[in-house]
Structures are given as structure tokens and as C-alpha cells.
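Colleague: Please give me a close look at one part of this model, the part where there is room left between the atoms. Then take me outwards from there through the rest of the fold.

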Amino acid sequence: MNRKLKIGIAGCGAIGKTLAKMIIKDNSLGARSVYLFDIDDSKSSSLSEGIYGDNRASARNIEELINKCNLIVECASSKSAYSIAKKSLSCGRNTLTMSVAGIIGHYSELAALAGKNNCRLFIPSGAIAGLDAVKAYKTIGIKKVTLVTTKNPRSFKGVKYVENKQFSLDNIKKDKVLFYGSAYEAVKYFPQNVNVAAVLSLAGIGSKKTLVKIIASPYISENMHEIKLESTAGRVNIRVENVVHPNNPKTSYLAVLSAYATLKQIMDPVRVGT
């Protein structure tokens, strides 16, 4: 890839803001410049001023961001992830997507678009570990995959599914199962909380076969994800206990670090791991 990267960050919330600052500080990435876009232009302008001292990096719209950059990083939302990825890939731009729940239903289309326009779609591991093993076991056959996500009740504030089920998050005194079903349904009802389910599904046996259990627990402050996999070649049991992002309790800090590590991997001439 071109060593003189011009990186465009779409979405300047907690994740986009953290990632932009990490990129600017890391000379090893070879980023010549970082441009910013948010549907709320005050966020992109504020972030640009914080980084450069003025709003030079703030794009007026997503099209301008794509035109200025050769790598687009989507940090917006599951609602806009597909639109951003489609526009970016259509213009031949390498694209890294954070809101994987928003593109899982369009994965085949976006993969074909990337191939047609000679660019790549990057999907970070996010807030889980062990995808290297999942992909390896997939080559010989996976019997079953289950993801158990446990978070503090406050992480589920504002989730429509929880409100419709009339779960009283403030009154949860012990572990409460909020959802159990397929990853296909989980990403529909909890798009901000279980991006990991979408990533795991793409790496493994698909969203309709991957099982997901979501638990609200008053006993923990971390975001915990457990992967249980059965294959003809062995079994996997992995638990990750993530510190939440300081500005967004629905997101694990590891999700940002995973995206950052993916950017570094893109530029690295040596690739370690599956």
C-alpha cells in the first residue's frame, strides 16, 4: 500500500476521536494527513482544531472525505456503516469498518465491490480474541459457536429492544439474560453492543448459525465476551474482560486498539498470525 497514507475518519465520536489522535502521534503509520467527517460538523471541526489548531481537516460531507483520502475508516454507526463502505469502495478506496453490525447483511455485495474496484475491506477483530483460531477451524469444519456477552446494565441504556421488553436496568440486582438467540437477531437488536457477534459470524459459520447470549450483570464494570467453539479438530474457550471506553460504556477500549493495530498491520511488510 502507498506509504503516504491519507486517512479519512468518518465519525468523530468517542472511537473516531481516540483513533484520530493515536494515528497522528504514530509516525510509523506513514500517515501524511488525517481528514475528518461527522454528520455533526461541530464534532469534526472541534477535533480538527484540537489536532491541527484549525478546521483544515474537517470535510463538508462524506464525498469530500473520500475524494481527499486513500483509506477510509468508518467509526460512525451501524445505520450509516453500509452507505459509507459502499461509497468508499465504489471509489476504489481501501476501507476499514468498525460498525460491522451495519454491514453484515451486505457483506457479499461489499466484498464483490472491493474486488471489482481493486481495493480492500478491512474488518478488525474488535473487542474479542481468537479469530485466528476460528478461521483456522473453519477450514476443516465448525460444529457450534456460542458468544456470551456480559456487560453492566448501564451499557444497555437506550437500547430499544431492552425498552420494549420492559427490562428495568436500574433494578437489576443479579445477572439477567436479556437475549438468547442467533447472531443474526442479536446484531439487529443490539447493534452498538455486539459488533463482536457480527465479526465472529463472518469469521466462522455465519450469523444464523452463531448463537449469542447477552447478560446484564451488576457485578462487573468491564465488558466481557466469551467464545465457545466446537470443531472436528478441537475446542476453543476464550474469555476477554475489556475495560470500557472512558467516553462510551457501550464500547470496549480494545475495539479502538484493534482498529489501530489493523492500520499498523496494513502498513507492516510482515504479517504475524492467521
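Modeller: Let's start with the walls: the lining of the largest pocket divides into 20 nonpolar residues, 10 polar and 5 charged (Ala, Val, Leu, Ile, Met, Phe, Trp, Tyr, Cys and Pro are nonpolar, Asp, Glu, Lys and Arg charged, the others, Gly among them, polar). Keep in mind that this is a predicted model, where local features need pLDDT of at least 70 and side-chain atom pairs 80 or more, while totals for chains, interfaces and linings use all residues. Numbering runs from 1 along each chain as its sequence is written, and side-chain values use heavy atoms, without hydrogens or water.

The volume of that largest pocket comes to about 1000 Å³. Of its 35 lining residues, Ile123, Pro124, Lys135, Gln265 and Arg271 are the closest to the centre. (A pocket is an open set of points on a 1 Å grid where a 1.4 Å probe fits, with protein on both sides within 12 Å along at least five of seven lines; lining residues have an atom within 4 Å of a point.)

Where do the walls come from? Helix 10 (253-267) puts in the largest share, 7 residues. At least two residues each are also supplied by helix 5 (107-116), strand 5 (121-122), helix 6 (131-138) and helix 9 (195-203). (Helices are DSSP runs of H or I with at least four residues, strands are runs of E with at least two.)

Follow strand 5 away from the pocket and you land in an open sheet of 5 strands, ordered 2-1-3-4-5, with parallel pairing (strands pair if DSSP finds at least two bridges between them). Strand 5 sits at one edge of that sheet and strand 2 (31-37) at the other, each pairing on one side only. Strand 2 pairs with strand 1 (residues 5-10) in the parallel sense, over 6 bridges, and in that pair Gly8 stands opposite Tyr35.

Now for strand 6 (residues 142-151). It has 8 of its 10 residues buried, so the rest of the structure largely encloses it (buried is under 20% relative accessible area, exposed over 50%, partly exposed in between, with a 1.4 Å probe). Strand 6 runs parallel to strand 8 (residues 211-216), joined by 6 bridges, with Thr149 opposite Ile214. Strand 6 also pairs with strand 9, this time antiparallel and over 8 bridges; there, Val145 has Leu229 as its bridge partner.

Strand 9 (residues 223-231) goes on to pair with strand 10 (residues 234-242), antiparallel again, over 9 bridges. The two are joined by a hairpin through 2 residues, and Lys228 of strand 9 faces Asn237 in strand 10.

Last stop, the rings. There are 6 aromatic pairs in the structure, one of them between Phe179 and Tyr189, edge-to-face at 6.2 Å centre to centre with 65° between the planes. (Centres within 6.5 Å make a pair; planes under 30 degrees apart are stacked, over 60 edge-to-face, the rest tilted.) Phe179 lies in strand 7 (residues 176-182) and Tyr189 in helix 8 (residues 183-189), so this contact ties together parts 10 residues apart in sequence. Phe179 is buried at 6% relative accessible area, whereas Tyr189, at 33%, is partly exposed. Both belong to a ring cluster that also takes in Phe156, Tyr161 and Phe190.

Key. Grid points are joined across faces, edges and corners, and a volume is the space filled by probe spheres set on the points.
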